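User: Please take a close look at one part of this model, the side of one chain that touches the other, and set it in the context of both chains.

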Amino acid sequence: MIEPQDRPARGFDLAGLAIRRGERLLLRGVVLTLEPGQALTLIGPNGIGKTSLLRVLAGLLPRAAGSLRLDGLDPREEPEAYAARLLYVGHRDGVKPALTVAENLRFWIRLFGAETKGEARALAAFGLARQADLPAAYLSAGQRRRLALTRLAAIPRPVWLLDEPAAGLDADGRGCLADAIAAHRAQSGLVVMASHGELAIPDSRLYRVGESPKAPA
Amino acid sequence: MIRALFALFRRDIDLALKAGGAGFMALAFFAATLTLVPLGIGPEPALLARIAAGMIWVAAALAALLSLERLFQADEEDGSLDLLFLSPLGGIPLVLAKCAAQWLTAGLPIVIAAPLFALMLQLPSEGYVPLMLSLLAGTPAFFLIGALGAALALGVRRGGLLIALIVLPLYVPFLIFGVATVEAALTGVSFWPSFYFLLAGTLIATVLFPLAAAAALRLHLS
């Protein structure tokens, strides 16, 4: 496995990126550079392509054109090394209701090759310490979201890709998330987040998705 | 990588056992099908003995098929599949881990229960060893082939039928060589040639189908 420190952290470098969904050219001409420690908030109306852009950044979707590099790595050429540098928290929480809160987190920690000892701290960071042994089936939607977010605290990765991470969170939960993001950036972590304004990251750059040159009709 | 593989393998086994999962369902289906056979055919021992191996193999194939619909579907619906693809398990290892866990919870109980039903269906005593060996060697292929069907049927409403249509024709060689292994022993010739064909088929399936299933999953994500 490739450790994150194997290559110098240079962040994201996107040029002329285009994304196609089915027959439709969703986005084109996306140009972005993001350096370690920076945060970027993707904004724009529903369906404009925020989630697709995040999934392309995660390497889950192929790009239609352009170049995409994270610390000099291209997800097409070195998918494992590329994926090993990031954490993705999507709309869907990936929580298994039959497992307990702690078992869910422990599975992710083992899956992504992190240290199991970070488990209790990560649960505490998102206010789930008391629910650790509760089956995840009993969690509310907001608590499930918190559980998905504990991955961020338990698995150290330089790049976070968050798709509306604050959806369903209460004020306390948003506070936990804001603290986690601040701590991550203080350690020169990089955050890309799609948001409808539920959560504002201080001095984050804004990117209006879809305002780059329109695709010809 | 090994740790991640083991983590997924263990989680899938946990889920299968906890949620009254696919494992028990497959065994129950296997048992129910085979219980119907003597009721439908009649209790004549000679007739039952002739069809015993074939019926057990067919029931095992259908029971395996039944357990396959949810192989990737649950992970796809709750977003776990994205995480699995971003993990060190990437494509093929995740398919292998899931198939192994599925075989252990749904396939192995069938293999273990098979002698009981062989007894019920009056299988002659020299058929037991080849029956067990052939099921051990052949049933993993049902799950490996099924993984491709399950991956292709992702996102299709009522995908179970589609899986059956994709997968059942591919089960045929395994069924033929599996039953031939038992038949050979019953007619007094060596059962090893058929058994080796079966084993070779499973090994080929282990190489080819996870590759194809991983590609189908990747295609589904994009």
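Analyst:

**Chain A, chain B and the side of chain B that touches chain A**

Read along the sequence, chain A of this predicted model follows the pattern β-β-β-α-β-α-β-α-α-α-β-α-β-β. That gives chain A 6 helices and 8 strands. The radius of gyration of chain A is 17 Å, close to the 17 Å that the globule rule gives for 217 residues, so chain A is as compact as a globular protein of that length. Along the principal axes, its C-alpha atoms fill a box of roughly 55 × 35 × 35 Å. Of the 217 residues in chain A, 47% are buried. Among contacts in chain A with a separation of 6 or more, 73% are between residues 24 or more positions apart.

Confidence in chain A averages a pLDDT of 88, and 94% of the residues score at least 70. Over residues 213–217 of chain A, however, the pLDDT is below 50, and this stretch has 4 contacts in the model beyond near neighbours in sequence.

Two places in chain A illustrate its buried residues. Helix H1 (residues 50–58) of chain A is mostly covered, with 7 of its 9 residues buried. The buried residues of H1(A) include A:Leu53, A:Leu54, A:Val56 and A:Leu57, as well as the charged residues A:Lys50 and A:Arg55. Just after H1(A), A:Gly59 takes a positive phi of about 85°. The second place is A:Leu105, in helix H3 (residues 101–111) of chain A. A:Leu105 has 29 other C-beta atoms within 10 Å; a residue counts as buried at 20 or more, and A:Leu105 is therefore buried. Not counting residues up to four places away in sequence, A:Leu105 touches A:Glu119, A:Ala122, A:Leu123, A:Leu147, A:Thr150 and A:Ala154. A:Arg20, by contrast, lies 34 Å from A:Leu105, C-alpha to C-alpha, with their positions 85 residues apart in sequence.

Chain B has 9 helices and 0 strands, and from the N terminus on its elements run α-α-α-α-α-α-α-α-α. The radius of gyration of chain B is 18 Å, close to the 17 Å that the globule rule gives for 222 residues, so chain B is as compact as a globular protein of that length. The C-alpha atoms of chain B fill a box of roughly 55 × 35 × 30 Å along the principal axes. Buried residues make up 49% of the 222 in chain B. Of the contacts in chain B between residues at least 6 apart in sequence, 81% join residues at least 24 apart.

Within chain B, helix H3 (residues 45–66) deserves separate mention. Its 22 residues should span 32 Å at 1.5 Å a residue, and the end C-alpha atoms are 29 Å apart, which agrees. H3(B) nevertheless has a kink of about 50°, centred on B:Ile51. The buried residues of H3(B) include B:Ala52, B:Met55, B:Ile56, B:Trp57, B:Leu65 and B:Leu66.

The part requested is the meeting of the two chains. Here, 22 residues of chain B are in contact with 23 residues of chain A. Helix H1 (2–18) and helix H5 (80–86) of chain B each supply at least two residues of the side that touches chain A. The largest share of that side, 8 residues, comes from H1(B). By residue class, the side of chain B that touches chain A divides into 11 nonpolar, 5 polar and 6 charged residues.

Definitions and conventions: Residues are numbered from 1 along each chain as its sequence is written. Chains are lettered from A and ligands numbered from 1 in the order in which they are written. This is a predicted model: local features need pLDDT of at least 70, side-chain atom pairs count only at pLDDT 80 or more; totals for chains, interfaces and linings use all residues. Two residues are in contact if their C-beta atoms, placed from the backbone, lie within 7 Å. Helices (H or I, at least four residues) and strands (E, at least two) are DSSP runs, numbered from the N terminus. The expected span of a helix is 1.5 Å times one less than its number of residues. The bend at a residue is the angle between axes fitted to the seven residues ending there and the seven starting there. A residue is buried if 20 or more other C-beta atoms lie within 10 Å of its own, exposed if 12 or fewer, and partly exposed in between; C-beta atoms are placed from the backbone. The radius of gyration is taken over C-alpha atoms; the globule rule is 2.2 Å times the number of residues to the power 0.38. pLDDT is the predictor's confidence in each residue, from 0 to 100.
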